[in-house]
Amino acid sequence: MKILIASDIHGSAKWCGKLDEEVGRICPERILLLGDLLYHGPRNDLPEGYAPKETARILNSWKGRVFCVRGNCDAEVDQMLLDFPVLAEYSLILAGSRLIYASHGHHYNIDAMPPVAPGDILLYGHTHVPLCRMHQGVLCLNPGSVSIPKEGSGHQYLLLDGESLTAADLKRGILWQKTLSDLFAQEES
């Protein structure tokens, strides 16, 4: 199954629209959103193309194949605009023999691990900085931010297609592609 993974859209219709173009091109069976969908939050400047209602319209066009976890900027009022559940604190996904634990990252992240075991995958956003690192036998992945990238990163997302993981940038295209086996074989840092 092909799963597109994105985080931290923060109400940017411009960057959500570019992600929608990727959704149309890639045709993923599922889309996993790691929170902070419509509101930019008090610590962030307004993202380029800030238009929460238009962003919600784009996100709602994915209904039926999107699932989401709640970010620290998401609230019950956001649920009123969205046609899919957005308030779950985490999501568990079975990918073959691996468990994927998905959360926004403000509670669980590489520095505060959830109840996972070696061989599992932790997906989270929140920091707006991409990450791909082994930690305690767990593959920790952060796609970065769709709309407000930080620390010199781009407008990024991940694509999980069976055993293949791709990191891509909405401006520059594919950044890297590796198998999960290769990623699990990398040294811990």
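1. Rings of Phe, Tyr and Trp, the last taken by its six-membered ring, are said to pair if their centres lie within 6.5 Å. With that in mind, this predicted model can be said to hold two aromatic pairs, and they are a good place to begin reading it.

2. In one of the pairs, the ring centres of Tyr 90 and Tyr 101 are 5.1 Å apart and the ring planes stand at 10 degrees, so this pair is stacked, given that planes under 30 degrees apart count as stacked. Because Tyr 90 belongs to strand β4 while Tyr 101 belongs to strand β5, the pair ties together parts that are eleven residues apart in sequence.

3. Tyr 101 also pairs with Tyr 108, with ring centres 5.7 Å apart and planes at 85 degrees, so here the arrangement is edge-to-face. Through these ring pairs Tyr 90, Tyr 101 and Tyr 108 are linked into a cluster.

4. Are the members of this cluster buried or exposed, taking Tyr 101 as the example? Tyr 101 counts as buried, because its relative accessibility is 4% and the cut-off for buried is under 20%. Tyr 90, at 43%, counts as partly exposed, and Tyr 108, with a relative accessible area of 31%, is partly exposed too.

5. The two strands that carry the stacked pair deserve a careful look of their own. Strand β4, residues 90-95, and strand β5, residues 98-103, pair in the antiparallel sense over six bridges, and within this pairing Ile 93 has Ile 100 of β5 as its bridge partner. The strands form a hairpin with two residues between them, and Gly 96, which lies in the turn, has a positive phi of about 65 degrees.

6. Elsewhere, Asn 142 is found in strand β8, which covers residues 138-142, and with a relative accessible area of 2% this residue is buried. What does the side chain of Asn 142 make a polar contact with? The partner is the side chain of Thr 127, at 2.9 Å, while the backbone oxygen of Val 129 is reached by the side chain of Asn 142 at 3.5 Å. If neighbours within four places in sequence are left aside, the residues in contact with Asn 142 include Tyr 124, Pro 130, Leu 131 and Leu 158.

7. Finally, two lysines should be viewed together with tryptophan rings. Lys 18 lies over the face of Trp 15, at 6.0 Å from the ring centre, and Lys 178 lies over the face of Trp 176, at 5.6 Å from the ring centre.

Key:
Residues are numbered from 1 along each chain as its sequence is written. This is a predicted model: local features need pLDDT of at least 70, side-chain atom pairs count only at pLDDT 80 or more; totals for chains, interfaces and linings use all residues. Side-chain values use heavy atoms; hydrogens and water are left out. Two strands pair if DSSP finds at least two bridges between them. Helices (H or I, at least four residues) and strands (E, at least two) are DSSP runs, numbered from the N terminus. Buried means under 20% relative accessible area, exposed over 50%, partly exposed in between (1.4 Å probe, protein chains only). A polar contact is a pair of N or O atoms within 3.5 Å; within protein, one must be able to donate a hydrogen and the other to accept it, and residues adjacent in sequence count only if both atoms are side-chain atoms. Contact means heavy atoms within 4.5 Å. Rings of Phe, Tyr and Trp (its six-membered ring) pair if their centres lie within 6.5 Å; planes under 30 degrees apart count as stacked, over 60 as edge-to-face and the rest as tilted. A charge sits over a ring if NZ of Lys or CZ of Arg is within 6 Å of the ring centre and within 35 degrees of the ring normal.
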